[in-house]
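Me: I'd like a close look at one part of this structure, the place where the two chains meet. Could you walk me through the contacts there and then show me what lies around them?

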Amino acid sequence: MEVVLMDILGAVVTFLVAFVVGMTYGGLSRKITARVQNRKGPPFYQNFIDAFKLGSKKSAIHHGVMHHFGPAFLMVSSVMTLMIVPVLTHNQWFPNLNFQGDLIFLLYVMTFGPLGMALGAGQTGNPNSAIGVTRGLSQMVGFEIPWVLALVALMIQYHTTSITGLMAAQAHSGTWLMFSSPFAFVAAVMAMFGMFRYSPFDIVGAPTELASGPISENGGKYLFVMMSSGSVFTFAKLTLYVDLFMGGADNLLILLIKTFALYLIPVLYGVTTPRYRTEQAVRWFWGWPSFFGLLAILQAVFF
Amino acid sequence: MMNDKNSQKIVDIIQNWARKHSIWVLAYGTGCGAIEIPPTMTSRYDAERLGVRGAATPRQADVLLITGYLTVKTMKRVIRVYEQMQDPKYVIGFGSCTINGGMYYDSYNTIKVLDKYLPVDVYINGCMPRPEAVLSGFAQLQKRIAEGRANGAQQYKDNLEWYRANQKKIIPNWIMPDYNW
Ligand code: SF4
């Protein structure tokens with residue numbers, strides 16, 4: 001009983017940490033974008049203010065049941081991802097529900113949220129939402145290929161389908177997978193551009209073109225849920241990358257340094273590049289990233 | 001606890017503080033004044049440092065920015081946009097045209113006084129107002145929000161019949177599609 005209570009408490013702590021860190025990263029990315037554009041930019045805690053304001057807005061929109069469930073799906077998928085990814089190694093405050101094969105399970109869970117959101121966006125009947133959804137799903141087809149290739153390469157190379165197994169392998173050999181499977185790392189990082197949807201891959205929510213796409217009919221509390229789920233998901237994804245390729249982290253500080261370093265890659269690439277069209281984005285993902293993914297598989301099979 | 005007057009007051013203060021520092025603007029580019037919005041938002045004047053940022057759709061926006069003259073034809077769309085926005089919402093009238101018709105005072109198909117059709121919280125005068133004036137308008141709005149005096153939306157609800165009558169006077173074929181507020 002004690003153990004279960006501890007786990008639940010730990011899950012709440014994990015969620016709160018993920019929320020705060022994700023929100024702060026979002027604010028920092030806005031600040032970085034502003035500095036690159038030679039602006040002062042909003043304070044780094046601007047996202048918290050925005051979230052609070054969105055949460056305190058009244059919502060009187062009704063488009064049907066699925067529309068209400070869309071953001072909830074996103075949230076569920078983010079929290080599930082967060083619960084499976086080991087945040088810190090050996091820390092009682094960050095329990096995780098890892099099991100044999102959780103890496104494969106994770107692949108499904110991570111696409112579950114966007115799919116639920118797609119259903120919700122479809123029910124609003126807004127044409128912008130529909131276009132946004134088709135774009136989002138095309139982009140997902142694009143980046144899932146290098147991402148899955150990279151993960152499969154890791155699974156073949158280390159004969160395990162669990163994240164903790166891969167972390168144990170890194171701890172055992174003393175080198176990060178980033179160096180022992182460089183091709184998989186490159187492919188995964190390139191796939192990350194699509195996951196984070198920063199420019200040039202912000203084709204889903206293109207604000208001027210699609211009026212923010214799938215979320216165009218969602219204001220106030222819906223946006224609040226989406227924003228928090230996005231923050232949690234950002235943290236979970238970054239932590240997953242750190243676990244898989246950079247040997248995990250022993251304490252929060254190291255985790256923050258590693259995740260932020262990773263987070264800078266899509267952000268900085270984003271502020272300097274304009275948006276792709278949908279087919280350009282898909283072609284990009286099926287080009288070099290997939291090539292590196294295939295190289296990673298070859299390396300895993302033959303070396 | 002929420003019914004308790006004092007605690008409600010504290011909640012209001014906190015919420016108004018957040019609203020004040022996070023203003024999402026739907027810039028309805030009706031007239032020529034819209035050309036001053038890009039410089040306000042970009043590097044030179046950088047409205048984002050005050051928490052002002054663009055929103056893509058009426059559902060997400062807090063402030064409806066009417067940038068200049070409104071023709072009778074656009075009026076209908078503006079009303080619809082305004083009614084789709086979620087509470088609390090504010091309207092900023094931008095440029096002389098929204099105040100008294102400006103240089104279109106004798107035009108046959110623009111409205112003269114915006115306040116008769118939509119509840120305006122803050123006016124920014126000038127033809128066209130420079131970004132400094134726009135920022136000072138936002139500062140004015142922030143002040144009113146903090147003081148809890150930016151309640152145009154409530155006014156609109158209370159006097160809906162009066163507003164509707166005015167709107168219908170200038171829009172002869174009043175066919176609005178069904179939507180919920
Ligand atoms: S106030 Fe002047 S700048 Fe603004 S819309 Fe009217 S004529 Fe144009």
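Reply: Happy to; what follows starts at the interface and then moves out to the salt bridges, one helix and the nonpolar cores. Please keep in mind that this is a predicted model.

Let's begin with the overall extent of the interface. On the chain B side, 27 residues are in contact with 32 residues of chain A. The two chains bury about 2400 Å² between them, with 51% of that on carbon and sulfur atoms. Within chain B, the residues that lose the most area to chain A are Glu48(B), Arg59(B) and Gln60(B), which together make up 23% of what that side buries.

Charged pairs are part of the picture too. The rule finds six salt bridges across the interface of chain B and chain A, while a search of the whole structure gives 15 over all chains. A good residue to zoom in on is Asp62(B). It forms a salt bridge with Lys53(A), and the closest N and O atoms are 2.6 Å apart. This pair crosses between chains: Asp62(B) sits in the loop between β2 (52–54) and β3 (63–67) of chain B, and Lys53(A) belongs to helix α2 of chain A. The side chain of Asp62(B) also meets that of Lys57(A) in a salt bridge, at 2.4 Å from N to O.

Are Asp62(B) and Lys53(A) buried or exposed? Asp62(B) has a relative accessible area of 4%, so it counts as buried. Lys53(A) is buried as well, because its relative accessibility is 1%, and the cut-off for buried is under 20%.

For a pair inside one chain, look at Asp87(B) and Lys157(B), whose side chains form a salt bridge at 2.4 Å, N to O. Asp87(B) is in the loop between α3 (72–84) and β4 of chain B and Lys157(B) is in helix α6 (residues 152–158), so the bridge ties together parts that are 70 residues apart in sequence. Here Asp87(B) is buried at 14% relative accessible area, whereas Lys157(B) is partly exposed at 39%. Elsewhere, Arg30(A), Arg39(A), Asp50(A), Asp46(B) and Glu48(B) are joined into one network by salt bridges that share partners.

Helix α1 of chain B is worth a stop as well. Its 17 residues (5–21) should span 24 Å at 1.5 Å a residue, and the end C-alpha atoms are indeed 24 Å apart. Ser7(B), Gln15(B), Asn16(B), Ala18(B) and Arg19(B) are the buried residues of α1(B). They cover an arc of only 170° around the axis, so they lie on the same side of α1(B). These buried residues pack against α2 (46–56) of chain A, along with β1 (23–28), β4 (90–94) and α5 (131–146) of chain B. On the face turned away from the buried side you will find exposed Asn6(B), Lys9(B), Ile10(B) and Ile13(B).

Finally, the nonpolar cores. The largest has 99 residues, and Trp147(A), Leu244(A), Phe245(A) and Leu64(B) touch the most other members. Helix α10 (residues 220–245) of chain A gives the most to this core, with 14 residues. Beyond its neighbours within four places in sequence, Phe245(A) is in contact with residues including Leu154(A), Trp176(A), Met178(A) and Phe185(A). There is also a second, separate core of 19 residues, which includes Val25(B), Phe94(B), Ile124(B) and Leu135(B).

Conventions: Residues numbered from 1 in each chain as written. Chains lettered and ligands numbered in written order. Predicted model: local features only at pLDDT ≥ 70, side-chain atom pairs only at ≥ 80, totals over all residues. Heavy atoms only, no water. Helix = DSSP H or I, 4+ residues; strand = E, 2+ residues; numbered from the N terminus. Expected span 1.5 Å × (residues − 1). Buried < 20%, exposed > 50% of the residue type's maximum accessible area, 1.4 Å probe, protein only. Arc of directions from axis to C-beta. Contact = heavy atoms within 4.5 Å. Salt bridge = Lys/Arg side-chain N within 4 Å of Asp/Glu carboxyl O. Core = buried A, V, L, I, M, F, W, Y, C linked by side-chain atoms within 4.5 Å. Buried area = accessible area lost by both parts, 1.4 Å probe.
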